[in-house]
Amino acid sequence: MLLFGFCTIMYGVERAADLTHRFLLKKDQVAVVEIKKDYPSTFPKEGILTFRWTLYHNRRLVVLLDYEGFKHQYILEPKYGRNRLQLFLTGDYKRIDRRPYMLLTFEHFNTKERRALLIARFNDPAKRLEIRIKKPTK
């Protein structure tokens with residue numbers, strides 16, 4: 001029983017988020033994250049992650065995300081399981097649990113200030129990435 005508890009604790013420590021950052025964004029305010037990988041970049045937008053929200057309606061938030069030139073659109077809402085998105089940052093591991101990823105969670109919307117609180121958690125099990133968070137623009 002003790003061994004099982006120790007393994008569970010060690011697994012939980014290994015899976016903990018490496019970096020967590022809170023973004024309090026106004027409408028169309030762009031959050032920029034630079035991700036430097038451990039291999040030379042091959043195209044101009046490699047390692048650039050940007051996201052912003054454009055619409056809040058009926059407790060749903062529309063988030064536009066651009067990672068390395070590939071654009072995505074997500075609709076997040078406060079319900080459990082629908083308030084987050086997962087984005088893999090590299091695809092060079094066959095095992096999905098070894099890939100670095102970002103988990104973006106919609107936490108709260110302040111209706112008075114018209115700001116959304118988004119929490120970005122970056123997880124890199126192999127410690128191969130260098131992540132730099134820039135100040136939101138606009």
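Among contacts in the chain between residues at least 6 apart in sequence, what share joins residues at least 24 apart? In this predicted model, the figure comes to 48%. The chain has 138 residues, and 36% of them are buried. As for the outside, the accessible surface adds up to about 9,100 Å², with carbon and sulfur atoms taking 56% of that area.

On to the secondary structure, which boils down to one helix and nine strands. The helix sits at the N-terminal end of the element order, and the strands follow one after another: read from the N terminus, the pattern is α-β-β-β-β-β-β-β-β-β.

Four of these strands make up an open sheet, lined up as β1-β8-β7-β6 and paired in antiparallel fashion. The edges are taken by β1, covering residues 19–26, and β6, covering residues 84–88; each of these two strands has a pairing partner on one side only. Direction ignored, neighbouring strands in the sheet are turned against each other by 20° on average. As a general point, strands of a sheet pair through backbone hydrogen bonds, in either a parallel or an antiparallel way.

Within the sheet order, β8 and β7 sit side by side. Here β7 spans residues 101–110 and β8 spans residues 115–123, and the two antiparallel strands are joined by nine bridges. One end of this pairing can be pinned down by residue: Tyr101 has Asn123 of β8 as its bridge partner.

How values were computed. Residues are numbered from 1 along each chain as its sequence is written. This is a predicted model: local features need pLDDT of at least 70, side-chain atom pairs count only at pLDDT 80 or more; totals for chains, interfaces and linings use all residues. Side-chain values use heavy atoms; hydrogens and water are left out. Two strands pair if DSSP finds at least two bridges between them. Helices (H or I, at least four residues) and strands (E, at least two) are DSSP runs, numbered from the N terminus. Axes are lines fitted to C-alpha atoms, for helices over the stretch in contact, and angles run from 0 to 180 degrees between N-to-C directions. Buried means under 20% relative accessible area, exposed over 50%, partly exposed in between (1.4 Å probe, protein chains only). Contact means heavy atoms within 4.5 Å. Accessible areas come from the Shrake-Rupley method with a 1.4 Å probe; for residues, only the protein chains shown count as cover.
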